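Please consider the following structure and the terms used to describe it.

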Amino acid sequence: MKELIRRAAEDLAAAGNVAALTGAGISVESGIPPFRGKGGLWERFDPMEFAHIDALMRDPVKVWKILVKKMKEPLDRAKPNDGHKGLAKLEAQGKLKTIITQNMDGLHQAAGNTDVIEYHGTFAWQRCMDCHKKYETRKVDISEIPPRCECGGILRPDIIFFDELIPAEAMWRSRQAATDCDLMLVVGTSAVVQPAAMIPVIAKDSGAKIVEINPERTPLTNKISDYLIMGGAGEVLNGIVAALEKI
Ligand code: APR
């Protein structure tokens, strides 16, 4: 791993425009469970029953119970970890330009990154399913679920449920960042959910080098990614930042 961390630092030093795609794995060390694999939310709950737009329309109370218990509470407690902080340092060093995240936890912004595309939306805001009025989650009383808008409509988190479209601006800006970058860090994603999993492919097709950071192999490994650094985001990104400072 040490050798690959040094190689990644050299590749970053040589790169002009760096982007990152992140997934749930980068927030595991902040106490937020991933969706798949060991301890994954979808190992215990069927995503089609709890994270599909039809499920929300059918039974908002059932979906809200999971959203609160399994997502909001861990999110409320979470703080940025060394993985998030490492990406913030890479931005501060003028290396990293844009983060495309599948995460809805706002931890990249909390760590200090300024250009974060929230590809799957954010839990920080709620939206009325009738009048579309938006509310800050921290100001919404969820002691009674589902929470309601002043118009009487049901509130839902401003995240992307399965079978919902990715917002046009997030799609467009992500495609731009992937096309423009000459190196993409792919951190903590299983790369099985589309269209997010296409983003490293777009970057690769545009000539970028793809560096994967994940304790496990993914469908990108050895096909799209140039190399995989098999380790936790915190330790690996800490190592890369330290090695980069020596170059
Ligand atoms: N550091 C880096 N990667 C890690 C760590 C860690 N400490 N711990 C786990 N991982 C890796 C796992 O090996 C796995 O490949 O993170 C990945 C997490 O994968 P998923 O749980 O599938 O998360 P993600 O790829 O973000 O899911 C995509 O699916 O359910 C939907 O909308 C949801 O945004 C989510 C999307």
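The questions below concern a predicted model and the reasons for the terms applied to it.

Q: Why is Asp 76 called exposed?
A: The relative accessibility of Asp 76 is 51%. Exposed requires a value over 50%, so Asp 76 counts as exposed. This residue is found in helix α5, residues 60-77.

Q: What makes the pair of Asp 76 and Lys 72 a polar contact?
A: The side chains of Asp 76 and Lys 72 make this contact at 2.6 Å. A polar contact requires N or O atoms within 3.5 Å, and therefore the value of 2.6 Å meets the distance cut-off.

Q: Why is strand β7 called mostly covered?
A: In β7, residues 183-187, 5 of 5 residues are buried. Buried means under 20% relative accessible area. Leu 183, Leu 185 and Val 187 point one way, Met 184 and Val 186 point the other way, and all are buried. In a regular strand, side chains alternate between the two faces of the sheet.

Q: How do you know that β7 pairs with strand β1 and with strand β8?
A: Pairing requires at least two bridges between strands. Strand β1, residues 18-22, is joined to β7 by 5 bridges, and β7 is joined to β8, residues 209-213, over 5 bridges; therefore each count meets the cut-off. Both pairings are parallel. Val 18 has Leu 183 as its bridge partner in β7, while Leu 185 has Val 211 as its bridge partner in β8.

Q: Which helix does the chain pass through from β7 to β8?
A: The chain passes through helix α9, residues 199-205, and this β-α-β crossover is right-handed.

Note on methods
Residues numbered from 1 in each chain as written. Predicted model: local features only at pLDDT ≥ 70, side-chain atom pairs only at ≥ 80, totals over all residues. Heavy atoms only, no water. Buried < 20%, exposed > 50% of the residue type's maximum accessible area, 1.4 Å probe, protein only. Helix = DSSP H or I, 4+ residues; strand = E, 2+ residues; numbered from the N terminus. Right-handed = clockwise from strand over helix to strand, strands pointing away. Polar contact = N/O pair within 3.5 Å; in protein donor to acceptor, adjacent residues only side chain to side chain.
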